Amino acid sequence: MEITILKQPESAIAQVQLDAGEEIIAEAGAMISMSANFQTNTTLRKGKGGGMLGGLKRSLAGESLFLSQFRALGSPGEIFLAPQILGDIFHYSMGSNGLVVQAKSYLASSTGVEVELGFQGFKSLFSGENMFWLDVGGMGELLLNSFGAIYEVPVNGEYIVDTGHIVAFEKSLNFDVMKPPGSSWLSAWLGGEGLVCRFKGVGRLFCQTHNAEAFGRLVGGQLPPRQSNA
């Protein structure tokens, strides 16, 4: 499997080249185009993190209940994948380090990657974010998407990030939710900064340049009221 990310960062699209017999699993609706020799199936994924229970758990986290499975038959082929919102795509090769992924950032993965619903505790709920995150392990290739560009932060000690800008982080890192350092709870709320995550340990952290929920609130407040047909 060979993966090339094109049109970064604002309109990224992943070109995935597969050998005959190889397959990739993607979020429903992610396929843009593909070679004619691909077989397509709708799946709940088998094995760890799969089945109906796994699908229902993913839907709790904001992911699609079903996934799309693409297999190259008889000869090599290529498929283009992209997220539903404008933004970047990040390619991560899974190995010994597992990842904790913001639920809506999963795009696609090879069959050796295991994706389960992870519970990050009520500290995530209190931060204004979903308390369910994806727990990603196994071996293989993983594609994540973001709103805006993705950038990597190598953490060695402590690092602070706004909760709405986290895409994923390696499991070697721990985190706590807190108000911005040096501010009171009132000033944090009045200033619109919200809460932050303080990461501790050694590992990689992946952030997005824009906050999708904040953007939605900004744009939604300027849209005209929905007209009733009644």
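**Cysteines and an open sheet in a predicted model**

Tutor: At 5% relative accessibility, C197 counts as buried, a term that means under 20% relative accessible area, with exposed over 50% and partly exposed in between (1.4 Å probe, protein chains only). This is a predicted model, in which local features need pLDDT of at least 70, side-chain atom pairs count only at pLDDT 80 or more, and totals for chains, interfaces and linings use all residues. Residues are numbered from 1 along each chain as its sequence is written, and side-chain values use heavy atoms, with hydrogens and water left out.

Student: Is C207 buried or exposed?

Tutor: The relative accessibility of C207 is 0%. C207 therefore counts as buried.

Student: How many disulfides are there?

Tutor: A disulfide is a covalent bond between the sulfur atoms of two cysteines. The criterion is a pair of cysteine sulfur atoms within 2.5 Å. The sulfur of C207 lies 9.8 Å from the closest cysteine sulfur, in C197, so the two are too far apart for a bond. By this rule, the number of disulfides is zero.

Student: Which strands stand at the edges of the open sheet of four strands?

Tutor: Strands are DSSP runs (E, at least two residues), numbered from the N terminus, and two strands pair if DSSP finds at least two bridges between them. The order is β1-β2-β7-β4, with antiparallel pairing. Each edge strand has a single partner, so one side of each is left without a neighbour in the sheet: these are β1 (2–6) and β4 (31–34).

Student: Which residue in β7 is the bridge partner of Q15?

Tutor: Strands β2 (residues 13–18) and β7 (residues 77–81) pair in the antiparallel sense over five bridges. The partner of Q15 in β7 is F80.
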